[in-house]
Amino acid sequence: MEQTGLKEFPTVSFLRFLRHASNIVKNPLPFHNANFKRLGDSFELKIGPKATVIFSKNAEYLRYTLQKNQRNYTKSKIQTKDLAKYVGRGLLTAEGDHWQRQRKLIQPAFHKKQLRYLLDTMQTVIGKELQNIQLDQAADIHNVFNDLAFQTVIKTLFSGGVSPEQIAQLQRTTEEAQQMMVKELRQPFLVWWFKSSGKIQKHLDAVGEAREMLEDLVNQRRESGTRYDDLLDMLLDARYEDGTEIAEKQLIDEILILFVAGHETTSNALTFTCELLARNPEALQKVQQEAKQLGSSGEDIMSMLKGATYIQQVLQESMRLYPPAYFIDRVNYQQDQLGEYRLPKDSTVLFSVYEMHRSEAYWERPLEFDPDRFDPQQPRQHSDYYFPFGAGPRMCIGNNFAMYEMILAMIQLFSQYTIEHKKSPIDIRPLITLKPKDAILVFRAS
C-alpha cells in the first residue's frame with residue numbers, strides 16, 4: 001500500500017561519513033550525537049553508494065518496533081550474519097521459528113527458581129576473583145571484572161573440569177573475534193581487504209578450535225554420568241515439544257552466545273558502576289553501608305539479593321548512563337512508518353539506547369548520576385524509555401542472571417573495600433557492547 005503524506009528522514013551524506021571514518025572506527029558516538037543535534041531524533045546515514053542506515057533515539061519508535069509491531073521486524077544482519085558467523089545461530093543471533101523454538105527450550109534454565117541452584121557457585125567464584133584486586137595502587141578495574149564475569153559464566157556452565165589454559169583461550173578467541181567484527185562494521189569499504197588478506201579467516205579458524213574444545217567438554221560431561229545441576233546439565237536436560245534434545249552443534253552455538261553476551265555486559269556494567277561510585281562519595285557510602293549490613297547478616301543468598309535495594313538502584317542508574325547494549329538493531333519485512341516518517345521495506349534501523357538514556361526529553365538532569373531515580377518507593381515512570389536489557393519478546397533472557405551476579409559482586413566488594421575518589425572523566429570504548437576504557441581506580445581496605 002502506498003504511503004502518502006509521510007516525510008523522508010533527514011540525511012547524512014556518504015561523503016560526511018567518509019570524512020569522519022577514522023574517528024568512527026575509534027568511537028562512533030560523538031559523530032552520531034552531532035547528527036542528532038543537527039537533524040533531530042532520527043536521521044538516515046549513507047554508508048555506501050546505495051547502503052543506508054536509519055539512526056533513532058526516539059523511545060516511542062523503539063517500543064513500536066520491539067513490542068507493538070514486532071512481528072514486522074527482524075534483527076539486522078549485524079547479528080544474524082556478521083555476529084553469527086563467529087558465534088553460530090544461538091538465541092542472540094537466531095530469528096523466526098528457529099528463535100522461538102530455542103527460546104522456549106532455554107527459557108526454563110534462566111527462570112529465577114532454576115537460578116537458585118547456581119547462586120552458591122556464583123558467590124564462590126566472585127569471592128575468589130575479587131581477591132585479585134591489588135589494594136592501594138592504581139589499576140584498570142575492568143580487567144578484574146572481565147575475568148570475574150567470564151569465570152562466573154564458565155563455572156555456572158561447566159562447574160569444574162575447565163583448565164585455566166582453556167578458559168584463557170575461550171576468552172581471547174571471543175574478544176578478538178568481536179574486535180574483528182567491529183572493524184568490518186565500521187569500515188565496510190575495507191571488508192574486501194579483510195577477506196583477501198586472510199584476517200577474517202584467521203578468527204574463524206580460532207573460533208573453530210574453540211568449538212572443538214567445547215565439544216570435548218560436553219562429551220566429557222555426558223560420559224562421566226555425573227550431575228552438577230549447572231547450566232550445562234539444564235541444557236542437556238532440556239527437551240523440545242516433540243521430546244527431542246538439543247543437537248550438539250546447536251548446543252555449542254548457545255554456549256558461545258552465553259560467553260559473548262553473558263560476561264561482557266556484566267563486566268562492563270560493574271566497571272562503570274565502580275567508576276561512578278568513585279566520583280560520587282555519598283552514593284558510595286550508602287552502598288558500603290548496605291553491603292556491610294547484608295554481608296554480616298547471615299541471611300541466605302536469595303534474601304541478601306532481595307535486601308540489596310540501594311545497590312540495585314545504583315546498578316540501574318549506572319546502566320542508564322552506560323548501557324552495555326548501547327544500540328538495538330531491526331529491519332522491517334514490510335513497509336511501515338515511524339511516527340511521521342516513511343520506512344521503506346528492508347530498512348535497517350539502529351536505535352541508540354545510549355542517547356535515549358541521556359535525553360532531556362525523558363530524564364531530568366540526564367547527565368547526572370542519581371540512583372534515587374530508581375527508588376522502588378517512587379512511582380515507576382521510566383519503563384517507556386529505559387532499555388538496559390531490551391524490550392518485548394526478545395528481551396535479554398539472562399537479565400536475572402546478570403542482576404544476581406552484579407548484586408552479589410557489589411555486596412562482596414563493598415563490604416570489604418572502598419574506592420579512592422577520582423575526578424578524571426569516564427572514558428568509553430564502544431564495540432559490540434559499550435566497554436570502559438582506562439578505568440583506573442584505587443581500592444583500599446575499608
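In this predicted model, Arg 221 has a relative accessibility of 8% and therefore counts as buried, the limit for that class being under 20%. The side chain of Arg 221 meets that of Asp 230 in a salt bridge with an N to O distance of 2.9 Å, and Asp 230, at 1% relative accessibility, is likewise classed as buried. Arg 227 and Asp 229 form a further salt bridge, in which the closest N and O atoms are 3.0 Å apart. Here Asp 229 is partly exposed, with a relative accessibility of 38%, and Arg 227 is also partly exposed, its relative accessible area being 48%. Elsewhere in the chain, salt bridges with shared partners connect Asp 136, Glu 420 and Arg 444 into one network.

The structure contains 23 salt bridges in total, and another of these brings together the side chains of Glu 44 and Lys 46, with 3.9 Å from N to O. The two partners fall into separate accessibility classes, since Glu 44 counts as buried at 18%, whereas Lys 46 is partly exposed with a relative accessible area of 29%.

Aromatic contacts were examined over the whole structure, and the search returned 16 aromatic pairs. In the pair formed by Tyr 326 and Phe 327, the ring centres are 5.2 Å apart and the planes meet at 85°, so the arrangement is edge-to-face, a class that requires an angle over 60 degrees. Tyr 326 is itself buried, with a relative accessibility of 5%. Phe 374 and Tyr 386 form a tilted pair, with a distance of 4.9 Å from centre to centre and an angle of 50° between the planes. Both residues of this tilted pair are placed in the loop between helix H18 (353-356) and H19, so the contact between Phe 374 and Tyr 386 ties together parts that are twelve residues apart in sequence. Phe 374 is buried, with a relative accessible area of 1%, and Tyr 386 is also assigned to the buried class, at 11% relative accessibility.

Phe 374 and Tyr 386 belong to a cluster, linked by ring pairs, that also includes Tyr 362, Trp 363 and Tyr 385. One member of this cluster, Trp 363, also has a charged neighbour, as the charged end of Arg 320 sits over the Trp 363 ring at 5.1 Å from the ring centre. A comparable arrangement involves Arg 358, whose charged end sits over the ring of Tyr 322 at a distance of 5.0 Å from the centre.

The largest pocket has a volume of about 880 Å³. Its lining is made up of 37 residues, among which Ile 47, Val 53, Ile 78, Leu 185 and Leu 350 are the closest to the centre of the pocket. Two or more lining residues are contributed by each of helix H3 (29-39), strand S3 (52-56), helix H5 (77-87), helix H10 (164-186), helix H11 (191-196), strand S6 (327-332) and strand S9 (348-352). Of these elements, H5 gives the most to the lining, with six residues. When the lining of the largest pocket is divided by class, 21 residues are nonpolar, seven are polar and nine are charged.

The second largest pocket encloses about 690 Å³ of space and is lined by 33 residues, with Gln 312, Gln 316, Asn 399, Asn 400 and Met 403 lying nearest its centre. At least two residues of this lining come from each of helix H4 (59-68), helix H7 (112-115), helix H16 (301-307), helix H17 (309-321) and helix H19 (399-414). The class composition of the lining of the second largest pocket is 15 nonpolar, eleven polar and seven charged residues.

Ile 432 is located in the loop between strand S11 (427-430) and strand S12 (434-437). With a relative accessible area of 19%, Ile 432 counts as buried, because that class covers values under 20%. Along the chain, Ile 432 and His 357 are 75 residues apart, and their C-alpha atoms are separated by 18 Å.

How values were computed. Residues numbered from 1 in each chain as written. Predicted model: local features only at pLDDT ≥ 70, side-chain atom pairs only at ≥ 80, totals over all residues. Heavy atoms only, no water. 1 Å grid on protein atoms, 1.4 Å probe; cavity = no way out; pocket = protein on both sides within 12 Å on 5 of 7 lines; lining within 4 Å. Points joined across faces, edges and corners; volume = space filled by probe spheres on them. Helix = DSSP H or I, 4+ residues; strand = E, 2+ residues; numbered from the N terminus. Nonpolar A, V, L, I, M, F, W, Y, C, P; charged D, E, K, R; others polar. Phe/Tyr/Trp six-rings, centres within 6.5 Å; stacked < 30°, edge-to-face > 60°. Buried < 20%, exposed > 50% of the residue type's maximum accessible area, 1.4 Å probe, protein only. Lys NZ or Arg CZ within 6 Å of the ring centre and 35° of its normal. Salt bridge = Lys/Arg side-chain N within 4 Å of Asp/Glu carboxyl O.
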